[in-house]
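Please open the structure in your viewer and keep the sequence panel visible. The stops below can be selected one after another.

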Amino acid sequence: MSRKSKRAKAAQIRETMAAEGASVRENTQGFNQGRYDTVADLENYEELKDEARQIKEDAIERLPELIDQLTEAIEANGGTVYLAEDEADANEYVSSLVESGETVVKSKSMTSEELEVNEHLEAAGANVVETDLGEWVLQVADEAPSHLVAPAIHKSRESIADLFRERFDPDQPLETPEDLTAFASEYLADAFEEADVGMTGANFLTADSGSMMLVTSEGNARKTVAATDTHVAVAGVEKIVPSVEDLQPFVELIGRSGTGQDITAYVSLLTPPVETATFGEDGLEGSDDRDFHLVLIDNGRMAMREDEQLRETLYCIRCSACANTCANFQQVGGHEFGGETYTGGIAGGWETGVHGLDSSEEFVDLCTGCSRCVEACPVGIDIPWINTVVRDRINRGADGHTYDFLVDGLTPDAEEGGMSLQKRFFGNFVTVAKLGSLFAPVSNWLASFGPNRWIAEQLLGVDQRREMPQFSRETLKEWASGRDGPADPDREAVFMADTYTNYMHVERGKAAIRALEALNVDVEIADVTESGRAALSQGMVRTAANHGKAVAEELLPHIADGRDVVIVEPSDLAMLRDDYERLLDAETYERLSENSYEILEYVYGLLENGADADALRDGDGEEIAYHGHCQQRTLGLAAHTEAVLEELGYDLVTSDVECCGMAGSFGFKQQYYEVSMAVGEELREQFSTPEAEGRTVVASGTSCHDQLTDLMKQDVPHPIELVAP
């Protein structure tokens, strides 16, 4: 992305946030809270997710076999199956089923959006009418969906009322949701009566019987199937599951995951061609000669199945949980966080698979890798990893850059030329940190000097409005060198100070070591500081893997000598616990993952095993407001921090805002600064309530520290700095 396009991107995002942000935020946060509420009542939620995942894994593995089985079943039922290679192939077949002048009623289908079938049919002379209320509103407005489940989520009631008044000039004013719905229902009832062809998607297809499951909130899919003599269903091949019995976990999960409903309002299970009565000249008539065509779409899916990194995308059940839980999506919506068809975190995989990398490039960096979506996904897709792979492929496909010769000489990464300078800068931040620390405080002055900030913004896209971190002349490793530990320690640990802790936020590293020593743990400092997180965030997978190998070479001998690995930065711990599984060999990953701990998780374990809590600082009722790092929450570690703080006597309130909006380099980038601040504003507001105002604000991650320091205009220590003696 060029300097000009970064500014243009920032302006575009700003405009979208102003026009659509409020509606998107209200609706997605409502859906997300509904998911939390409804899954809390589901005792076997995790078991259902595991079962659903296993069914999808099995189905994609056996996909060619299931396609054949489904085809045989549907043909035996009297229907027709057409396997379309691509978009053009599918549209040509669908067009052959619709005569010019006929009316086609459609229920909501993202697959039909992928095909742009409306435009194709209308060009051939057909009259196409969307029957899902949201889709119909967008058809009237000539806009694209902004959400997988709720396509018009970006539009307010007032804007829809204005649209209807402008386009239809209704006799009565349409003010309430009931008024608008009644008006649309009356209009669409006429369309159903006039329809010649009904088109649906399919949430699931069962290979054993040729049945299909349709999930809607309005029942319009049932009408679409029943009101016409010809039913055309379009579905990606990934929608097939082996049997009707396999639908059970998805019935339980899809409504809860998408809109927070225990079950979606209408769940239709039918085995077409159906024999329901239809509208005829004399009213309802029986129909025993209904025509059914299933158009199964490949359009890149079979190639995705063979792609080890994108394959998981095919497990997606299009519930939108990843979008609803994403703090960035909650601010900008799918018109920014989406490609030609698909939106939200999973869109990176879908768009790359069905439309190509170009469609993903404009939005995939809005995924900051916080991993909140992995927990929300009902089939456990590692969406951040898919988006990392997509970024990596975009990086490698980029054209050469004028300054590549300069960057190649300064950055020790494994990347090829052509990648943006912005990504190489943030992906190699350990190099910047070493130099900054070596020449501090001069480097701090240079980094804050106005003309230099202007140059950094022009060249690297580092937003001038963001406060730059301050480098420390003395590194943590230098401070700890020669330090005497406990004379007779109970345990030994190796402390891996991340780049920020070693070169900038040295105080939290000192506090961590003092706390461990107070609890009778002998501490050594690892010789590596970079886990590869910075590189991975930029899609620099090879560089991240090289950092991972260096970390393994350093830490494995310590582990072999019986030392525990302790880390203060949650995102770095997530590298060792999760991401290294994809970057290192299995044995190395398992040894690092099983022996690594977040600092307050480790302190919690020491206290539970008899360490003396009196060795730490007594909170004495101090009132604090705590924000846990997003990956710390995903790893299930936030409770350990809260437990330690409460045991030591702190009066604690915690934020339920899931993301502070910083996400490392994300908030420093010129094009995303305003999104970052908008996300963070919700946290600032929560910490400004009467209950939280005036409390000491603490946060677990570097990104949280930077963001909260900017937002709250105060220093924000790590919790370990409060409890260390």
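**Tour of the model**

Start with S371, which is found in the loop between α16 (357-361) and α17 (372-376). This is a predicted model. The backbone of S371 has a phi near 80°, a positive value in a residue other than glycine. S371 counts as buried, because its relative accessibility is 12% and the cut-off for buried is under 20%.

Now select D142 for a second positive phi. Its phi is near 60°, and D142 is likewise a residue other than glycine. D142 lies in the loop between α7 (133-141) and α8 (157-168). Is D142 buried or exposed? It is exposed, with a relative accessible area of 71%, and the cut-off for exposed is over 50%.

**Two cis peptide bonds**

Go next to P272 and P273. The peptide bond from P272 to P273 is cis, with omega near 5°. P273 sits in the loop between β9 (266-270) and β10 (278-280).

Then move to A440 and P441. A cis peptide bond joins these residues, with omega about 5°. The loop that holds P441 runs between α21 (429-438) and α22 (442-448).

**Helix α1 and N32**

Select N32, which is in helix α1 (residues 3-40). N32 has a relative accessible area of 5% and is therefore buried. Which residues does N32 touch, not counting those up to four places away in sequence? They are N324, T325, Q330 and E658. Show these side chains together with N32 before moving on.

**Helices α2 and α11**

Select helix α2 (residues 45-61) and helix α11 (residues 248-259). Two packed helices are described by the angle between their axes and the distance between the axes. For α2 and α11 the angle is about 120° and the axes are 9 Å apart. The two helices are therefore oblique to each other; the range for roughly perpendicular is 65 to 115 degrees. The crossing of α2 and α11 is left-handed.

To see the contact, show Y45, L48, K49, E51, A52, I55 and K56 in α2, and Q248, P249, F250, E252 and L253 in α11. Sorted by character, the residues of this contact are seven nonpolar, one polar and four charged.

**Helix α9**

Helix α9 (residues 177-194) is the next selection. At 1.5 Å a residue, its 18 residues should span 26 Å, and the distance between its end C-alpha atoms is 26 Å, which agrees. Which residues of α9 are buried? Colour L180, F183, A184, L188, A191 and F192 to pick them out. An α-helix has 3.6 residues a turn, so residues three or four places apart point the same way.

**Helices α28 and α29**

Now bring up helix α28 (residues 541-560) and helix α29 (residues 570-583). They pack at an angle of about 115°, and their axes are 10 Å apart. α28 and α29 are therefore roughly perpendicular to each other. Their crossing is left-handed. On the α28 side, the contact is made by V541, A544, A545, H547, G548, V551 and L555, and on the α29 side by L576, Y580 and L583. The residues of the contact of α28 with α29 comprise eight nonpolar, two polar and no charged.

Stay in α28 and centre on H547. H547 counts as buried, because its relative accessibility is 18%. Leaving out residues up to four places away in sequence, H547 touches V430, E530, S531, G532 and Y580. Y580 is thus in view again, as one of the residues of α29 in the helix contact.

**Strand β13 and R491**

The last stop is R491, in strand β13 (residues 491-496). R491 counts as partly exposed, because its relative accessibility is 40%. Add G562 to the selection: R491 and G562 are 71 residues apart in sequence, and their C-alpha atoms are 8.6 Å apart in space. What does R491 touch, not counting residues up to four places away in sequence? The residues to show are N520, V521, D522, D564, Y602 and L606.

Key. Residues numbered from 1 in each chain as written. Predicted model: local features only at pLDDT ≥ 70, side-chain atom pairs only at ≥ 80, totals over all residues. Heavy atoms only, no water. Axes fitted to C-alpha atoms, helices over the stretch in contact; angles between N-to-C directions. Helix = DSSP H or I, 4+ residues; strand = E, 2+ residues; numbered from the N terminus. Parallel < 35°, antiparallel > 145°, perpendicular 65-115°, else oblique. Left-handed = near helix turned anticlockwise from the far one by under 90°. Contact = heavy atoms within 4.5 Å. Nonpolar A, V, L, I, M, F, W, Y, C, P; charged D, E, K, R; others polar. Expected span 1.5 Å × (residues − 1). Buried < 20%, exposed > 50% of the residue type's maximum accessible area, 1.4 Å probe, protein only.
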